[in-house]
Each structure stands twice: as C-alpha cells, then as structure tokens.
Amino acid sequence: MNEFTLRLKLLLRDRTATICYIAVCLVILFVIMGLNIHSEERSSLPIGLVTEDESSEARILSDKIRANDALYVYTDEFEPLYDMLLDGYINCIFVIKNGYGDSVRRGSPSETVMLYAAEDDKVSTIISDIVAGCMMYEICLDKAFVRYLKLEPIEGRNKLDFDAFSEYLETLAGSDEFRFAFDVKYVDGASGEASPSDITNGMIYRQMIAGMLAMLLMLVCFCSCNPVVSEFESGIRGRLKTVGTHRLKGALLEIAALIAYSLPVIVLISVMLFGTAGMGGSLRLLLIDLVFAFFCCAVFYLFAFICRSVFVYQLLGTVFLIVSGVTGFVSVFSGLMGTPSFSASPAACYIDAFIKYVLRA
C-alpha cells in the first residue's frame with residue numbers, strides 16, 4: 001500500500017490541489033443551498049398581481065393564482081410591478097379591477113381582469129389560460145346560480161339560496177358520475193416503462209444542479225492529478241522504475257488514493273442533498289459519485305500518463321471538462337434540440353443517473 005499512502009500524503013501537501021478543493025466545497029455549498037432551495041419557485045413563470053377589488057370573489061381568485069405551482073406571483077402596487085415588467089423580471093401583470101366580485105355575482109364577469117404584457121410575448125397567452133382556469137369555477141358557479149334563479153320553481157319546492165346551491169354543486173363535482181381528470185404517466189424513452197407523474201417544476205433546475213455537481217467532481221479529480229503529471233515532467237517517475245514496482249498495480253493504488261482524496265467532497269454532496277433525496281437517495285447518490293469519481297480519476301490519470309507535460313495535460317483536461325460539461329447541459333434539452341447523441345457524455349450520464357436513481361427512486 002506504499003503507492004496509496006504516498007500519493008494521499010502528497011495530495012494533502014499540495015497547495016494548488018488544496019486551494020481547488022476548498023473552492024469546490026464552497027461552490028457546492030452555494031449551488032445546493034442556493035439553487036436547490038429556490039428551484040420550485042424559480043422554475044415557475046413570474047407574474048405580477050394587483051388586486052384592486054376587496055370582495056370575497058377577488059380574494060378567492062387571488063389565493064388560487066398564488067397557489068398555482070406553475071406561477072411565481074409578485075404582489076405589489078401597479079407601478080413597481082410595471083417597472084419589473086419593463087425590465088423583463090416578470091412576464092405579465094394581472095389586475096383584478098374594482099367591481100370584479102359584483103360582476104361575477106351578476107354572471108357577467110367580462111372586462112374585470114386586465115392583462116399587461118409585452119407585445120410579442122407568446123408565453124403570456126399560456127399564462128392567461130392558467131389564470132382563466134383559476135377563475136372558471138367561481139364564474140361558472142355564479143352564472144349557473146343566476147340562470148337557476150330565472151327558472152320556474154317546481155311546485156312544492158323552494159329555491160335554494162346561494163350557499164345551499166354551492167354545496168349541492170360541490171357534492172356533484174365530487175361524485176364519480178361527474179369526475180373528470182387526466183391520468184398522467186411519464187414514459188421512460190429507454191425502457192418504455194411508464195410511471196406515475198412525480199415530476200415537479202423544479203426538475204429542470206435540479207438537472208442543472210446535477211450538471212454543476214458533475215463538473216465540480218471532475219474539477220477535483222482534474223486538479224488531484226496535477227502532481228502526477230508534474231512527476232512525469234520532472235523525471236521522478238523514471239527513477240521510480242528502478243524500484244521495480246508493478247506499473248498496473250501502482251496505477252490502481254494511486255487512482256484509489258485519488259478517489260479517497262475526493263471522498264470528503266462526495267460525502268458533502270450526499271449530506272447536503274439529504275433533505276431532498278432522503279436516506280435512500282443520499283446513499284444511492286454516494287454510490288453514483290464514487291463510480292463517477294473512479295471514472296474521472298482514471299481518465300485524468302491516463303491523460304497524465306500520456307501527456308507527461310503539465311501544459312499539455314492542463315490543456316487537454318480543460319478541453320475535456322468544457323466539452324463534457326457543455327454536452328451534459330445540452331443533454332437536458334436534448335428532446336427539444338434533437339441531439340440525443342450528447343446523452344453519452346460523462347456529465348450527461350451523471351445527470352441521468354441523478355434524476356433516475358436519486359430524485360425519482
């Protein structure tokens with residue numbers, strides 16, 4: 001075990017590797033604690049909401065819009081929200097105008113909600129449909145009640161008041177006779193297996209986080225191999241041949257030392273994601289990170305063995321990092337961009353395993 005112990009000691013004494021190590025840990029803390037905490041809200045569509053009407057109907061609509069997972073709602077006065085719209089921070093502004101409640105109760109709620117959006121913004125059309133869905137039940141309920149009051153009463157029966165009418169419709173809506181909903185299942189393109197929908201708005205953000213974590217792990221492995229290529233360049237490796245150490249055995253032991261050197265970062269990632277992935281997901285992530293670290297250390301050790309020059313090694317390793325990272329991030333949108341071949345890159349494989357076995361398992 002001399003090669004393992006010696007390599008680990010040299011890594012711990014290497015100033016460049018230590019600085020890189022500390023920087024990577026700080027970035028991991030920022031990425032996981034920052035982006036992951038806000039992934040759900042930041043992946044929603046940002047809109048502004050102004051409620052001028054003080055009726056219960058306006059309050060119900062406002063609560064439904066803010067509770068919608070597809071929307072991230074800023075509530076304020078119109079002027080600050082209008083400035084945010086001009087600066088591009090929000091997609092549009094909805095203004096629930098005075099008289100909204102009275103109009104809904106009369107069964108004629110037209111021109112009671114104003115939409116402000118950029119002229120060429122196509123997304124606002126989708127958002128307006130979402131908001132319309134939030135309004136639909138109350139509008140239909142009041143319009144139906146107005147029509148109900150116009151009907152001729154049945155002999156021997158008194159007409160219901162609004163509260164009784166509303167309760168009666170709620171019982172109808174909850175019955176199996178009038179039940180209607182899509183049963184959504186997402187199909188794995190590789191296996192063809194369908195599973196119940198558990199995809200959230202923050203999924204794409206977590207895929208980006210997984211890509212960042214893959215890049216950071218690769219960076220640690222890349223920096224940890226710098227002393228190895230320096231030994232090749234300085235000729236120390238040539239003197240080691242006289243000792244008679246088996247080359248393959250020594251390489252495997254040194255790669256094991258590189259993985260051991262990366263182990264605290266791997267454990268940090270698993271611990272930081274415990275709240276999101278749970279115990280089982282964290283343990284699976286630990287295993288995924290170990291396999292990925294072994295692959296990266298083996299690749300960069302091979303680069304060091306082939307290059308035998310610090311400059312060439314750093315150039316080749318940087319290109320490998322950039323290409324793998326870019327293809328990994330592109331793979332997140334491979335279905336839209338028509339580039340499924342990028343899914344074979346190391347970072348893309350890490351993202352895929354992260355989503356399949358850490359978040360969904």
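In the predicted model, helix 10 has six named positions that are buried: Asn226, Pro227, Val228, Val229, Glu231 and Phe232. Helix 10 itself covers residues 226-234. Right after helix 10 comes Gly235, with a positive phi near 90 degrees.

Helix 10 packs against helix 13, which covers residues 274-307. The two axes lie 9 Å apart, at an angle of about 15 degrees. An angle under 35 degrees counts as roughly parallel. Helix 10 and helix 13 are therefore roughly parallel to each other. The crossing of helix 10 past helix 13 is right-handed. On the helix 10 side, the contact is made by Val228, Val229 and Phe232. On the helix 13 side, Tyr301, Ala304 and Phe305 take part. By class, this contact holds six nonpolar residues, no polar ones and no charged ones. Val228, Val229 and Phe232 also appear among the buried residues of helix 10. A general property of helices helps in reading such lists. An α-helix has 3.6 residues a turn, so residues three or four places apart point the same way.

A second helix pair gives another packing angle. Helix 4 (residues 56-67) and helix 7 (residues 123-150) cross at roughly 140 degrees, and their axes come within 9 Å. That angle makes helix 4 oblique to helix 7. The crossing of this pair is right-handed. Helix 4 contributes Ile60, Leu61, Lys64 and Ile65 to the contact. Helix 7 contributes Val131, Cys134, Met135, Tyr137 and Glu138. Seven of the residues in the contact between helix 4 and helix 7 are nonpolar, none is polar and two are charged.

Two serines link helix 12 with helix 13. Ser270 belongs to helix 12, which covers residues 247-272. Ser282 belongs to helix 13. The cut-off for a buried residue is under 20% relative accessible area. Ser270 has a relative accessible area of 7%, so Ser270 is buried. Ser282 has a relative accessibility of 7%, so Ser282 also counts as buried. The two serines touch: the contacts of Ser270 beyond four places in sequence are Ser282, Leu285, Leu286 and Asp289. On the same basis, Ser282 is in contact with Ser270, Leu273, Phe274 and Ala277. The chain also brings Ser270 and Arg284 together. Their C-alpha atoms are separated by 8.7 Å, and the two residues are 14 apart along the chain.

The end of helix 13 leads into a loop. Arg308 sits in this loop, between helix 13 and helix 14 (310-332). The phi of Arg308 is positive, about 60 degrees, although Arg308 is not a glycine. Arg308 has a relative accessibility of 37%, so Arg308 counts as partly exposed.

Phe162 lies in helix 8, which covers residues 162-174. Its relative accessibility is 28%, so Phe162 counts as partly exposed. Beyond four places in sequence, Phe162 is in contact with Leu141, Asp142 and Phe145. Phe162 and Leu141 are 21 residues apart along the chain. Their C-alpha atoms are separated by 9.4 Å.

Cysteines were examined as well. The structure holds zero disulfides. Cys20 has a relative accessibility of 12%, so Cys20 counts as buried. Cys140 has a relative accessible area of 42%, so Cys140 is partly exposed. Cys134 in helix 7 is one of the residues that meet helix 4.

The wider view covers the whole protein chain. The chain contains 16 helices and six strands. Of its 361 residues, 38% are buried. Contacts between residues at least 6 apart in sequence were also sorted by separation. Among these contacts, 71% join residues at least 24 apart.

How values were computed:
Residues numbered from 1 in each chain as written. Predicted model: local features only at pLDDT ≥ 70, side-chain atom pairs only at ≥ 80, totals over all residues. Heavy atoms only, no water. Axes fitted to C-alpha atoms, helices over the stretch in contact; angles between N-to-C directions. Helix = DSSP H or I, 4+ residues; strand = E, 2+ residues; numbered from the N terminus. Parallel < 35°, antiparallel > 145°, perpendicular 65-115°, else oblique. Left-handed = near helix turned anticlockwise from the far one by under 90°. Contact = heavy atoms within 4.5 Å. Nonpolar A, V, L, I, M, F, W, Y, C, P; charged D, E, K, R; others polar. Buried < 20%, exposed > 50% of the residue type's maximum accessible area, 1.4 Å probe, protein only. Disulfide = S-S within 2.5 Å.
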